[in-house]
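Trainee: Please guide me through this structure one question at a time.

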Amino acid sequence: MLTEKRSSMLHGILLIALFSCAAFYIGGAKIFVELSFSPMIIGIILGMLYANSLRNHLPETWVPGIQFCSKKILRLGIILYGFRLTFQDVINVGTAGIVVDAIVVVVTILGGVWVGKMLKMDKDTALLTSIGSGICGAAAVLGAESTIRTQPYKTAVAVATVVIFGTISMFLYPVVYRTGALQLTPQEMGIYAGSTLHEVAHAVGAGNAMGTEVSNVSIIVKMIRVMMLVPVLLVLGYVVARRKTSDGGAGKIAIPWFAVGFLVVIGFNSLSLLPAAVVDVINYIDTFLLTMAMAALGAETSIDKFKKAGAKPFILAFVLYAWLLVGGWALARYVAPLCL
């Protein structure tokens, strides 16, 4: 019986791995490379296509394998994400990038939760959308989801919002920057892009379109934002424990150990003990694991669940997007120079 369960679970994992392989293949197409559409985004789309077509025709015994990918493999993927970062990146950008990033992250998350409350929308969806907009898009949403452990469709909705608005910015920023309307120096523009673009892929795509001077700063500032995921998840774990206490639960603080592992990996990577080629392989494997997690989350998300979420998550995402555009520009234009 136990062997049969393991076999069924393996079928679910292999199905998601197949989706991940397909996402990598599709993501290699020229159009998706130019759009900076990562395999992770394609993975969640494939998962959602499956959820709304073949899901009811496959054995339910495969579901545990799919859920294993959306939880266990997800956390492993976030830990390994630390190999993309080093503490030297923080030193290279300096105080300006750190200060602007900190303001953007705090205001976006707290402001998003408040706006979500005003809209009377689901608390978890509002929180996930705010964290995704404030930190690093899909990866941040996935990290928060692992901490609060909410329904997969809420995660998929939050991911959809950050992908939509992040993609718009990726094309908008280079155009507006070239017109000179923003009145930002290359370094200030790098800080602006890195502190406000949703995904790492968006920061890379937009930065490359604006030149090396902008790109180098943009990517590092973006990576500092990614590091801020750790303290946010630790605070989130504390808040979740307080919420359980108020609801009559045990109130034990749920420390997101995968976030601690993420920080430890960053520290190890900062020592440069591994050859660059090995780190590149690890990052490739990590992208594959995160793509599996995204596909698994998509597989739990049907169109009916999107309808259930309604328009409010997208309204919230738009409000946060407007803040990032205007507030981020003001911070890069007036606050960053004071710290340089």
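**Salt bridges and buried residues**

Trainee: Does K154 count as buried or exposed?
Mentor: The relative accessibility of K154 is 7%. Buried means under 20% relative accessible area, exposed over 50%, and partly exposed in between, with a 1.4 Å probe and protein chains only. K154 therefore counts as buried.

Trainee: On what kind of model do these values rest?
Mentor: Residues are numbered from 1 along each chain as its sequence is written, and side-chain values use heavy atoms, leaving out hydrogens and water. Local features need pLDDT of at least 70, side-chain atom pairs count only at pLDDT 80 or more, and totals for chains, interfaces and linings use all residues, for this is a predicted model.

Trainee: How far apart are the closest N and O atoms in the salt bridge of K154 with D122?
Mentor: A salt bridge is a side-chain nitrogen of Lys or Arg within 4 Å of a carboxyl oxygen of Asp or Glu. K154 forms one with D122, and the closest N and O atoms are apart by 3.0 Å.

Trainee: Why does this pair tie together separate parts of the chain, and how many residues lie between their positions in sequence?
Mentor: K154 forms its salt bridge with D122. K154 lies in helix α9, residues 152-179, whereas D122 is in the loop between α6 and α7. Helices are DSSP runs (H or I, at least four residues), numbered from the N terminus. The pair therefore ties together parts whose separation in sequence is 32 residues.

Trainee: Which residues are joined into one network by salt bridges that share partners?
Mentor: K154 also forms a salt bridge with D124, with the closest N and O atoms 4.0 Å apart. This pair links distant parts of the chain, 30 residues apart, as K154 is in helix α9 and D124 in helix α7. Both residues are buried. The network formed through shared partners consists of D122, D124 and K154.

Trainee: Which residue forms a salt bridge with D286?
Mentor: D286 counts as buried at 0% relative accessibility, and its partner counts as partly exposed at 26%. The closest N and O atoms of the pair are 3.1 Å apart, and the partner is R84.

Trainee: Which residues does T125 touch, not counting those up to four places away in sequence?
Mentor: T125 has its place in helix α7 and is buried, with a relative accessible area of 4%. Contact means heavy atoms within 4.5 Å. Not counting residues up to four places away in sequence, T125 touches K154, V157 and P313.

Key: Helix = DSSP H or I, 4+ residues; strand = E, 2+ residues; numbered from the N terminus.
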